[in-house]
Amino acid sequence: MEAAAGPSRLRVGFVGAGRMAEAIAQGLIRAGKVEAKQVLASAPTDRNLCHFRALGCQTTHSNQEVLQSCSLVIFATKPQVLPAVLKEVAPVVTAEHVLVSVAAGVSLSTLEELLPPNTRVLRVSPNLPCIVQEGAMVMARGRHAGSNEAKLLQNLLEACGQCEEVPEAYVDIHTGLSGSGVAFVCTFSEALAEGAIKMGMPSALAHRIAAQTLLGTAKLLQQEGQHPAQLRTDVLTPAGTTIYGLHALEQGGLRAATMSAVEAATCRAKELSRK
């Protein structure tokens, strides 16, 4: 299976057609990685499949049909449903398949146990900004997936944002940092805007400026390659506005609270993985 063979030769299947599956499919199609007609998605009802049809993709209610038609299959079902789905499709899994799970809390060893021996399996942890092709994703490979499969998947998923290969032990940490981190950042954005509203700025304007401030800061961090502390220092002037504001944040315990939030979310992800 060659990533360089061009989009027309690669058939990609989705088992589960929810928001994350749609986001990944949209990213792949928009980036020209895969042709829409080469994507086949399955779900029990038409409720989500209509979004895939709107993209020009093929749809079915048969999970086995997806496996029989596509060599690369992304499982995007709810975690509690995934084991039953894997047992259902196991009889049609072949050595040609590369199977990818985006289900949170389902380990590679569990995936491999439920599938035929030597099945090539990878696990991906995405986050919500994949919807706008700005996701922060990590991927881990199972025992039988080689570097070719990892490179192929990484090349495809980079259509949806940033994707890095990591040891599986980092996947739950990624959930705490980036999966749940989207909600933490939204809470901070909301608080930034509310501070401005308190001082007299209209709500809609304050929220637009807060969101753009986060976006611009993130781009600076990525493009300059600086540590956040350096960028923060660049904004500071002696006895200026920023140091007064930073002092208030330190008094409120923002740094410790944020670290604790990532820790708590990571611990919960690990707890769910053990169930």
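1. Let's start inside the protein, with Phe52. This residue is buried, with a relative accessible area of 0%. Keep in mind as you look around that the model is predicted. Phe14 is a good second stop: at 0% relative accessibility, Phe14 counts as buried too, because buried means under 20% relative accessible area.

2. How many aromatic pairs does the count give? The count comes to one aromatic pair. Its members are Phe14 and Phe52, whose ring centres are 5.6 Å apart and whose planes meet at 55°, so the pair is tilted. The two residues come from distant parts of the chain, 38 residues apart: Phe14 sits in strand β1 (residues 12-15), and Phe52 sits in helix α2 (residues 46-54). If the two numbers seem odd, remember that a pair of aromatic rings is described by the distance of the centres and the angle of the planes.

3. Phe14 also leads us to Ile24, since Phe14 is among the residues that Ile24 touches. Ile24 belongs to helix α1 (residues 19-30) and counts as buried at 1% relative accessibility. Leaving aside residues up to four places away in sequence, Ile24 also touches Ile74, Val102, Leu157 and Cys160. For a sense of scale, try Leu215: it lies 191 residues from Ile24 along the chain, and the C-alpha atoms of the two are separated by 21 Å.

4. Now step back to the sheet. In which order do the eight strands of the open sheet come? Reading across, the order is β3-β2-β1-β4-β5-β6-β7-β8, and the pairing is mixed. Strands β3 and β8 (161-165) stand at the edges with a single partner strand each, so one side of each is left without a neighbour in the sheet. On average, neighbouring strands of this sheet are turned by 20° against each other, direction ignored.

5. For one strand pair in detail, look at β6 (residues 120-125) and β7 (residues 135-141). These strands run antiparallel and are joined by four bridges. You can find one partner in β7 yourself: Val124 has Met139 as its bridge partner.

6. The edge strand β3 (residues 58-60) includes Thr60. Is Thr60 buried or exposed? Thr60 is buried, with a relative accessible area of 9%. Its side chain makes a polar contact of 2.7 Å with the side chain of Glu65. Beyond four places in sequence, Thr60 touches several residues, including Leu40, Ser42, Leu49 and Val66.

7. Asn63 deserves a careful look, since the UniProt annotation "binding site" (unreviewed entry) covers this residue. Asn63 lies in helix α3 (residues 63-69) and counts as buried at 13% relative accessibility. Which side chain makes a polar contact with the side chain of Asn63? That partner is Ser42, at 2.7 Å. Not counting residues up to four places away in sequence, Asn63 touches Val15, Ser42, Val85, Glu88 and Val89. Ser42 may ring a bell, as Thr60 touches it too.

8. One last item comes from the record. UniProt places the feature "domain: Pyrroline-5-carboxylate reductase catalytic N-terminal" (unreviewed entry) at residues 11-105. Over residues 11-105 the chain is 38% helix and 20% strand, and the end C-alpha atoms are 27 Å apart.

Conventions: Residues numbered from 1 in each chain as written. Predicted model: local features only at pLDDT ≥ 70, side-chain atom pairs only at ≥ 80, totals over all residues. Heavy atoms only, no water. UniProt positions renumbered as here; feature names shortened; annotations may be inferred. Buried < 20%, exposed > 50% of the residue type's maximum accessible area, 1.4 Å probe, protein only. Contact = heavy atoms within 4.5 Å. Polar contact = N/O pair within 3.5 Å; in protein donor to acceptor, adjacent residues only side chain to side chain. Pairing = 2+ DSSP bridges. Axes fitted to C-alpha atoms, helices over the stretch in contact; angles between N-to-C directions. Phe/Tyr/Trp six-rings, centres within 6.5 Å; stacked < 30°, edge-to-face > 60°.
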